[in-house]
Amino acid sequence: MLNYERPDEMSVPTPDYLWLNVDGTHFIDATDSCGISSEPDECGRGVCAADFDFDGDLDIYVSNYRLNPNFLWLNSGDGIFINSAEEHGIEGVPILSGGHYYYGHTIGSEFADFDNDGDFDLFCANLAHPRFIDFSDKSMLYENEGTPDFHFSDVREDAGILYQETNSDVAWSDFDNDGYLDLFITNVYVGRKSALYRNNGDGTFTEVSYPAGVRVDNGWGCAWSDFDNDGFLDLVSGSEFHLYHNRGNSNHWIEVRLEGRDVNRSAIGSYVFVYSGGMRQLRQVEGGKGTSTQNSLRLHFGLGGATVVDSHEIHWLGSERVEKYYNIPADVIYTAIESEGLFSSIEELAHLPKRLSTCVYPNPFNAGAYIGFELMEPISLSVEIYNSLGEMVRTVPERFYPSGRNRIFVSNDGLSSGTYLYVIKDGKKVFSSGKMIHLK
Ligand SMILES: [Ca+2]
Ligand SMILES: [Ca+2]
Ligand SMILES: [Ca+2]
Ligand SMILES: [Ca+2]
């Protein structure tokens with residue numbers, strides 16, 4: 001969670017926090033234990049994340065304002081983050097002026113593979129006043145140079161993306177479904193026009209705001225989502241919200257919603273490679289981007305003239321297993337469920353075994369714990385508790401539970417301290433399972 005500056009004192013930063021979700025029940029402040037507090041506070045305005053080094057964990061990029069350096073919190077995989085922005089070339093350009101190093105007024109940033117070379121690049125929207133231009137960064141289009149170092153270099157000028165003074169938020173999308181990610185950048189303040197750049201597919205962009213009909217004044221936030229499910233991404237932006245409906249073209253597409261089982265349910269941080277028509281495209285599920293904005297969680301791929309996806313590879317966050325699907329028809333909205341499959345319709349999904357989403361509270365427990373869950377329809381369930389040796393140490397007999405919210409109490413009678421596994425069963429079928437910890 002990014003924090004900006006004190007409302008009563010300009011340029012006095014307030015600290016950022018990292019909140020760790022514990023068993024889906026509550027959050028704890030992990031800012032100190034994860035190393036996030038090792039850097040001095042800066043005036044943060046945006047946060048985005050990607051596993052840009054493909055080592056199986058999410059790394060966090062922090063956009064700092066007030067000519068401060070940006071942070072790249074590199075996830076070491078063992079719960080510790082180290083700021084590696086300078087080493088990877090994305091902290092900004094330090095320029096000495098009046099005895100002090102200045103960087104950029106970064107507001108919003110977003111990772112995306114704009115050049116289809118299979119790694120995540122990064123756009124940083126920087127507000128750069130002409131009066132500070134000698135020592136403040138303009139916006140940056142950072143191209144990821146890939147393995148082994150995943151170092152970035154700024155290619156904005158060569159890419160044809162022009163300097164505008166009040167760049168604010170950014171949102172990548174393939175709005176014309178040609179397989180190349182296009183770029184929308186907002187500009188804040190009345191009279192300042194935002195810009196839509198079409199990706200020419202050769203490393204350069206062409207501004208198409210006017211012909212595309214996207215004329216946003218005083219932009220602030222922006223986000224893409226295919227709200228009418230026609231396969232073409234629509235845009236919302238503006239300090240007074242405008243929803244721009246994309247009227248589409250003849251190009252093909254697929255969209256995929258990922259649903260995690262072992263990973264988080266929204267599959268945030270998971271990414272997909274799509275191969276079609278001789279192209280490779282990469283998209284990730286983002287938790288948020290830019291400055292307090294978020295695109296649709298559903299991944300979108302433009303396919304140009306291709307009517308079939310040759311190969312669709314899902315990399316679930318943190319899992320070494322890659323799920324691959326071949327020869328997938330275009331122009332369909334799919335749902336991919338971890339370890340279950342790729343589904344093209346509600347009817348297919350209805351045949352999946354029903355599962356329960358449960359939470360244990362308190363956890364760890366002392367006197368006893370509740371297993372809470374919500375049922376779509378009434379059903380009879382029983383519970384078995386296993387110790388770490390796999391021995392069944394407790395049962396809760398089968399009984400009938402109505403639809404809606406329910407809970408089952410497990411007492412601590414005779415249990416020693418340790419980790420236990422609960423298994424909720426519908427007859428012989430496992431409905432749900434999870435860990436519970438007993439502390440005496
Ligand atoms: Ca990583
Ligand atoms: Ca790339
Ligand atoms: Ca495009
Ligand atoms: Ca649409």
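**Exercise 1. How do strands β26 and β27 run, and how many bridges join them?**

Step 1: Strands here are DSSP runs of E with at least two residues, numbered from the N terminus. Two strands pair if DSSP finds at least two bridges between them.

Step 2: β26 covers residues 332–337, and 3 bridges join it to β27 in an antiparallel arrangement. Within this pair, alanine 336 is opposite leucine 342 of β27.

A word on the source: this is a predicted model, in which local features need pLDDT of at least 70, side-chain atom pairs count only at pLDDT 80 or more, and totals for chains, interfaces and linings use all residues. Residues are numbered from 1 along each chain as its sequence is written, while chains are lettered from A and ligands numbered from 1 in the order in which they are written.

**Exercise 2. Which strands stand at the edges of the open sheet of 4 strands?**

Step 1: Write down the order, which is β23-β20-β26-β27, with mixed pairing.

Step 2: Look at the ends. β23 (299–304) and β27 (341–343) each have a single partner strand, so one side of each has no neighbour in the sheet.

**Exercise 3. Is strand β15 mostly covered or mostly open?**

Step 1: Apply the rule for burial: a residue is buried if 20 or more other C-beta atoms lie within 10 Å of its own, exposed if 12 or fewer, and partly exposed in between, with C-beta atoms placed from the backbone.

Step 2: Count along residues 195–199. In β15, 5 of 5 residues are buried, which makes the strand mostly covered.

Step 3: Check each face. In a regular strand the side chains alternate between the two faces of the sheet. Ala195, Tyr197 and Asn199 are on one side of β15, Leu196 and Arg198 are on the other, and all are buried.

Step 4: Find the partners. β14 (residues 182–187) pairs with β15 in the antiparallel sense over 3 bridges, and leucine 183 has tyrosine 197 as its bridge partner. β16 (residues 205–207) also pairs with β15 in the antiparallel sense, over 3 bridges; there, asparagine 199 is matched with phenylalanine 205.

**Exercise 4. Where does glycine 277 lie, and what does it touch?**

Step 1: Glycine 277 sits in the loop between β21 (271–276) and β22 (279–284).

Step 2: With 15 other C-beta atoms within 10 Å, glycine 277 is partly exposed.

Step 3: Contact requires C-beta atoms, placed from the backbone, within 7 Å. Not counting residues up to four places away in sequence, glycine 277 touches Leu303, Gly304, Gly305 and Ala306.

Note on methods: Contact = placed C-beta atoms within 7 Å.
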